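Work through the exercises below with the sequence and the structure at hand. Each task is followed by a solution in steps.

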Amino acid sequence: MPVQTGTETLDDILDGGLPENRTALVTGGPGTGKSTLAMQFLQQGLDRGEECLYISTEQTFDELVDTFEAYPFELDHENLTVTSLHATPGQTVDGDEDRELTLETLEGGKMLGGDYSAPFESKYITRYLERFAPADRVVLDSVSGLSAIGEDRDVFRRTLLDFIRLLNDEFDATAIFTAEESQPSASQADVKTVAASDAVQFNTHGVIRLWRENVGGDYHRFLEVVKMRGVDHDTRVHEVSFTDAGLRISPRLRTHPGEFVPSDHMSTGIPGLDQLMGGGIVRGGTLLMEHDGQASPHSILTNLLARASEEDMALTIVPPVELPPKRLRSIIDERIGDMEELLADDRLFLVDFANIWENTKRNVFKPQEHDTDNPAAVLRTVDDRRGDRPMFTALNVEAQLPVLDNDELRQMRFWEEENLYQPEDTTMYLYNPDTLSDELAAFYRNGAWQNLRTWVNDNGLQYIKLKKSPSGYMGSTRLVEYVTDEPYMRVQRLPGAGDGDS
C-alpha cells in the first residue's frame with residue numbers, strides 16, 4: 001500500500017505515494033526544499049498516529065526547530081524521535097594517542113560516555129540506530145553527512161545499503177534519505193550530483209530531484225521523480241513553492257477541470273495516443289500535428305481517416321506532398337475502402353493543391369490548375385455534396401503554399417469555419433514548422449484545440465508530445481514505435497494507465 005508523502009500532488013505523481021517499506025532519495029541543492037519535504041513526510045505520519053524518526057547529520061534539534069519555525073511541524077510530538085549523527089575528531093577507547101573521527105551527536109553527546117566515543121564506522125552507527133527501532137517512517141537528513149565513513153565510494157555505498165536494509169527490514173519503516181548536489185544546475189541531464197557520484201541512487205528504491213532554475217529573470221524551484229521502482233509514476237517536471245503549510249507542488253491539473261473539458265472525442269484508433277489526448281481528438285475541434293520532417297505523421301492520419309469513415313463521416317484530404325498518389329490510394333483502399341467508390345459516392349474529396357493528381361475523377365479538385373477550382377468554390381462544392389454527413393478534414397498546410405499566401409490561408413480558415421462548419425466537423429492540420437514562417441506557424445498553434453508534436457531524435461527514436469489540449473496528459477512525451485498489425489503504430493502507455501497494450 002502506498003505511503004502518503006504529505007503533499008497531494010506528489011502522491012498523484014507517485015500513483016498514491018511512496019512504496020511501503022522502501023527508501024527514496026531526495027536530492028537537490030541548498031534551499032530547494034529537501035528537508036522541508038522530508039519533514040512533511042514525517043508530519044503526515046504523525047497525523048496518522050505513526051512512529052517517526054528524524055536522523056540529522058547537519059543540524060541540532062534547536063537548529064531544526066528554528067528551520068521549521070514557519071511551518072506547522074510538531075517536532076515535540078510524542079511519536080517523533082529526533083536524533084543526530086556527527087563525525088568529529090576525538091579519541092576512542094581503543095585508539096592510540098592520535099585523534100581520529102568519532103561518532104557523536106551534534107549536541108556533543110558521546111556514544112560511549114565519559115571522554116571516549118565510538119569510531120565513526122558503519123557498525124557503530126548501525127548499533128546506535130538500532131535502539132530507535134521499530135519505526136513506521138524514518139528520515140536521514142542528509143546522506144552527505146555520512147561521507148566521512150570513508151573515502152572509498154564502494155565502502156560508502158555498501159554502508160548505505162546496510163542502513164537501508166536496517167530501516168526497511170528491521171525497522172519495518174518507509175524511509176527518505178536526502179543528499180546535497182555538488183552543482184546547482186541539476187536540471188541538466190549531464191550534471192552529476194553527490195548522490196549520483198556516490199551511487200546512492202542505485203541503492204535507494206527511488207530518486208526525487210529538486211533544483212532551482214531561472215525562468216524569465218526569476219528563480220523557480222522544480223521537482224522531478226527520476227525513478228521509483230515498481231511505481232508507474234508521472235515523469236513530468238513540476239514546480240515547487242514554499243507555503244505556510246510546507247512545500248506545494250504544482251500544477252496538480254495541467255488541463256481544464258471537468259466542466260470545461262469536451263465530453264465527446266473521436267478515437268485515433270491508437271490506444272496509447274487516445275490516453276495521451278484524454279480520449280482522442282475532440283469532436284468538432286481542430287488538431288494540429290507538427291512533425292520534424294523525419295517523424296512521419298501518416299500513421300496517425302491514416303488511423304484517423306479510418307475511424308472517421310467507420311463513423312460515416314465524409315472525408316476531405318489535402319494530401320501531403322511527400323505522400324504520392326499511388327501510396328495514398330493503396331492506403332485508402334486497404335484501410336478505408338475502395339477509393340473509386342468513395343469518390344463517386346461523395347464520401348471522399350481530394351483537394352490537390354500540389355497539382356500531382358489526375359483531374360478526371362469526380363471530387364478530385366485542382367485549385368492551382370483551374371480557376372473554377374479556387375479554394376472557396378471547392379469548399380462550397382464539398383459542403384453541398386457531403387449532404388448531412390459530418391466532415392473529417394485532413395489538411396497538409398505546406399501543400400497549399402503554392403496557391404495561397406499567408407494572409408489567404410488565414411482568411412480561408414476563418415471563412416470556412418464561419419460559413420461551412422457543422423458542429424461535429426473535425427479537422428486535422430499537418431505541417432513541419434520549419435517550412436513555415438514563425439507568424440503562420442503561430443497562427444495554427446493558437447487556433448488549434450489540440451496540438452501534438454512528433455520528432456525523431458539523434459538515436460533514431462520517435463517521440464510524440466501533447467503540447468496543447470483541453471484534456472489529456474499535457475506536457476507528456478511518449479515513445480512511438482511501429483508494429484506489423486493494425487493500427488501499425490504503438491504509443492508508450494501513460495503512468496497509471498495499467499499494463500494493457502498501448
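A residue counts as buried when its relative accessible area is under 20%. The model used throughout is predicted.

**Exercise 1. Establish how many of the residues of strand β19 are buried, and place the strand among its partners.**

Step 1. Strand β19 covers residues 391–396, and six of its six residues are buried.

Step 2. Sort the residues by face. Met391, Thr393 and Leu395 lie on one side, Phe392, Ala394 and Asn396 on the other, and both faces are covered.

Step 3. Look for the partners. Strand β16 (residues 314–318) pairs with β19 in the parallel sense over five bridges; within this pairing, Ile317 has Ala394 as its bridge partner. Strand β20 (residues 426–431) is also parallel to β19, again over five bridges, and here Leu395 stands opposite Tyr429.

Step 4. Put the strands into the sheet. The order is β18-β17-β16-β19-β20-β15-β21-β22-β23-β24, an open sheet of ten strands with mixed pairing. Its edge strands are β18 (364–365) and β24 (489–491), each of which pairs on one side only.

Step 5. Check the β18 edge. Strand β17 (residues 348–351) runs parallel to β18 and is joined to it by two bridges. Val351 is the residue opposite Phe365 of β18.

**Exercise 2. Describe the surroundings of Gln462: is the residue buried or exposed, and which side chains make polar contacts with it?**

Step 1. Gln462 belongs to strand β22 (residues 462–468), a member of the ten-stranded sheet.

Step 2. The relative accessible area of Gln462 is 7%, so the residue is buried.

Step 3. Its side chain makes a polar contact of 2.8 Å with the side chain of Thr454. The side chain of Tyr482 makes another with Gln462, at 2.9 Å.

Step 4. Widen the view to contacts of any kind, leaving aside neighbours within four places in sequence. Gln462 then touches Ala295, Ser296, Thr454, Trp455, Val456, Arg478, Leu479, Val480 and Tyr482.

**Exercise 3. Classify the ring pairs Phe68–Phe73 and Phe443–Tyr444.**

Step 1. Two quantities are needed: a pair of aromatic rings is described by the distance of the centres and the angle of the planes. Planes over 60 degrees apart count as edge-to-face.

Step 2. A search of the whole structure gives ten aromatic pairs. In the pair Phe68–Phe73 the ring centres are 5.5 Å apart and the planes stand at 75°, so the arrangement is edge-to-face. Phe68 is buried at 2% relative accessibility, and Phe73 is buried at 10%.

Step 3. For Phe443 and Tyr444 the centres are 5.2 Å apart with the planes at 75°, so this pair is edge-to-face. Both Phe443 and Tyr444 are buried.

Step 4. Extend the second pair. Phe443 and Tyr444 belong to one aromatic cluster together with Phe414, Tyr429 and Tyr431. Tyr429 is the residue that Leu395 of β19 faces in β20.

Step 5. Look for charges over rings. The charged end of Arg410 sits over the ring of Phe443, 5.9 Å from the centre. The charged end of Arg236 sits over the ring of Tyr473, at 4.0 Å from the centre.

**Exercise 4. Find what Leu160 contacts beyond its neighbours within four places in sequence.**

Step 1. Leu160 lies in helix α5 (residues 153–170). The relative accessible area of Leu160 is 1%, which means that the residue is buried.

Step 2. Its contacts, with those neighbours left aside, are Val143, Leu146, Val200 and Asn203.

Step 3. Take Val200 from that list. Leu160 and Val200 are 40 residues apart in sequence, while their C-alpha atoms are 7.5 Å apart.

**Exercise 5. Give the confidence of the model and say where it is lowest.**

Step 1. The mean pLDDT of the chain is 86, and 86% of the residues reach 70 or more.

Step 2. Confidence is lowest in helix α6 (residues 194–197), with a mean of 40, and highest in helix α2 (residues 34–47), with 97.

Step 3. The pLDDT is below 50 over residues 184–197, a stretch that has 27 contacts in the model beyond near neighbours in sequence.

Step 4. Set this against the whole chain, which has 15 helices and 24 strands. Of its 502 residues, 52% count as buried.

Definitions and conventions. Residues numbered from 1 in each chain as written. Predicted model: local features only at pLDDT ≥ 70, side-chain atom pairs only at ≥ 80, totals over all residues. Heavy atoms only, no water. Phe/Tyr/Trp six-rings, centres within 6.5 Å; stacked < 30°, edge-to-face > 60°. Buried < 20%, exposed > 50% of the residue type's maximum accessible area, 1.4 Å probe, protein only. Lys NZ or Arg CZ within 6 Å of the ring centre and 35° of its normal. Pairing = 2+ DSSP bridges. Helix = DSSP H or I, 4+ residues; strand = E, 2+ residues; numbered from the N terminus. pLDDT = per-residue confidence, 0-100. Contact = heavy atoms within 4.5 Å. Polar contact = N/O pair within 3.5 Å; in protein donor to acceptor, adjacent residues only side chain to side chain.
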